[in-house]
Amino acid sequence: MIFNAASLAFFDMIACVQAHFVSDAAQQSPKAPFFILAGDSTTAIQSSNGGGWGDGFLNTTLFQGATGTNFGHNGATTVSFRAGGDWENVLETVRQVQDEYMPFVTIQFGHNDQKSDVNISLSQYTENLETFVTEVFNAGATPILVTPLSRRNYDDSTENPVIITSLANETAATISAAHHLDSKYIDLNQASIKYLNAIGPKNSYTYNLNAVDYTHLNVAGSIVFGGMVAELIAQDLPYLKRNGYLRISEQLKKDVDRGMYYYP
């Protein structure tokens with residue numbers, strides 16, 4: 001099937017209409033939210049070789065009947081997550097829960113998509129994110145694109161070490177995809193870099209899955225960055241916090257806002 005420029009513009013317009021419809025319906029719904037997390041190992045549950053913010057978000061920030069499930073998958077890219085059946089599991093979960101809940105789908109990739117051996121171009125990465133977003137809209141859920149969590153690698157060539165920004169292209173592409181389809185998004189990359197720069201290497205390494213793993217999170221790190229995700233979502237969707245569905249530790253929020261080290 002061949003699409004011309006006019007037909008592609010029409011489909012973009014439909015996606016925008018769907019975005020506003022889903023968002024408005026969610027705000028007016030009496031149902032509790034159900035968060036379905038799609039992503040790589042920096043979203044996934046803690047394991048011997050992976051672990052992200054997902055379980056900290058699900059287990060410590062959801063209240064009043066809000067709940068969810070974590071489909072984050074170690075080693076996942078925007079291609080393998082679909083090819084391996086994980087994405088279909090996400091959409092099937094939307095279909096299963098939408099009668100009882102307001103479904104939201106968070107989508108965070110980039111750590112593996114950027115690796116040269118997977119052969120995924122930046123434009124393909126962006127297109128894959130846009131396809132995910134459109135399919136979530138079509139399934140009747142609200143997509144939330146999430147820019148990739150920062151790695152905790154520092155440039156320590158000066159007295160004040162700073163995070164090496166290794167995911168800038170993927171962050172920009174994620175935001176571009178969100179703007180193109182008028183999707184909700186949160187900039188976890190920027191927020192995590194800001195916090196990690198403030199607390200410095202010694203403190204940030206206490207969130208490592210193991211001593212030399214500067215990418216994945218232990219349980220404490222999952223709670224901290226899961227709380228950060230919740231706060232970012234609440235800023236963009238304040239009714240979730242207002243209705244008591246998202247509740248962030250006041251001390252965690254205060255410390256992160258002030259750039260002070262927090263360990264749960």
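Modeller: Let's start with a term: a polar contact is a pair of N or O atoms within 3.5 Å, where one must be able to donate a hydrogen and the other to accept it. Keep in mind that this is a predicted model.

Colleague: Fine. What makes the approach of the Asn218 side chain to the backbone nitrogen of Ala220 a polar contact?

Modeller: The side chain of Asn218 reaches that nitrogen at 3.2 Å. The cut-off is 3.5 Å, so the pair counts.

Colleague: How do you know that the backbone oxygen of Thr206 belongs in the list too?

Modeller: The same test applies. A polar atom of the Asn218 side chain lies 2.8 Å from the Thr206 oxygen, and 2.8 Å is within 3.5 Å, so that pair is a polar contact as well.

Colleague: Why is Asn218 called buried?

Modeller: Its relative accessible area is 15%. Buried means under 20%, so Asn218 qualifies. As for its place, Asn218 is in the loop between α7 and α8. Setting aside neighbours within four places in sequence, Asn218 is in contact with Gln46, Thr206, Tyr207, Asn208, Leu209 and Tyr263.

Colleague: And why is Asn119 called exposed, while Asp182 is called partly exposed?

Modeller: Asn119 has a relative accessible area of 66%, and exposed starts over 50%, so the label fits. Asp182 comes in at 34%, which is neither under 20% nor over 50%, so it is partly exposed. Arg95, in helix α4 (residues 86–97), gets that label too because its value is 38%.

Colleague: What makes the phi values of Asn119 and Asp182 worth a look?

Modeller: Most residues other than glycine have a negative phi. Asn119 has a phi near 60°, and Asp182 has one near 55°. Both are positive values in a residue other than glycine. Asn119 is in the loop between β3 (102–108) and α5 (122–139), and Asp182 is in the loop between α6 (168–181) and β7 (184–186).

Colleague: How far apart are Arg95 and Gly140, in sequence and in space?

Modeller: They are 45 residues apart in sequence, and 8.2 Å apart in space from C-alpha to C-alpha. For the protein chain, residues 24 or more positions apart account for 75% of the contacts with a separation of 6 or more.

Colleague: Which residues have the most contacts inside the largest nonpolar core?

Modeller: The core has 69 residues, and those with the most contacts inside it are Phe35, Phe57, Trp87, Ile107, Phe225, Ile233 and Leu240. The largest share, eight residues, comes from helix α8 (residues 219–236).

Colleague: What makes Trp87 and Phe132 touch, in your terms?

Modeller: Heavy atoms within 4.5 Å count as contact. By that test Trp87 touches Ala38, Phe81, Arg82, Val105, Ile107, Phe132, Glu135 and Val136, leaving out residues up to four places away in sequence.

Colleague: What about the largest pocket: how much space lies in it, and which residues lie nearest its centre?

Modeller: About 380 Å³ of space lies in that pocket. Its lining has 18 residues, with Ala191, Lys194, Leu232, Val256 and Asp257 nearest the centre. At least two lining residues come from each of α7 (188–204), α8 and α10 (250–258).

Colleague: How does the lining of the largest pocket divide into nonpolar, polar and charged?

Modeller: There are eight nonpolar, four polar and six charged residues. Of the residues nearest the centre, Lys194 and Asp257 are among them, and both count as charged because Lys and Asp are in that class.

Notes:
Residues are numbered from 1 along each chain as its sequence is written. This is a predicted model: local features need pLDDT of at least 70, side-chain atom pairs count only at pLDDT 80 or more; totals for chains, interfaces and linings use all residues. Side-chain values use heavy atoms; hydrogens and water are left out. A nonpolar core is a set of buried Ala, Val, Leu, Ile, Met, Phe, Trp, Tyr and Cys residues joined through side-chain atoms within 4.5 Å. Buried means under 20% relative accessible area, exposed over 50%, partly exposed in between (1.4 Å probe, protein chains only). Helices (H or I, at least four residues) and strands (E, at least two) are DSSP runs, numbered from the N terminus. On a 1 Å grid over the protein atoms alone, a cavity is a set of points where a 1.4 Å probe fits but cannot get out, and a pocket is an open set with protein on both sides within 12 Å along at least five of seven lines; lining residues have an atom within 4 Å of a point. Grid points are joined across faces, edges and corners, and a volume is the space filled by probe spheres set on the points.
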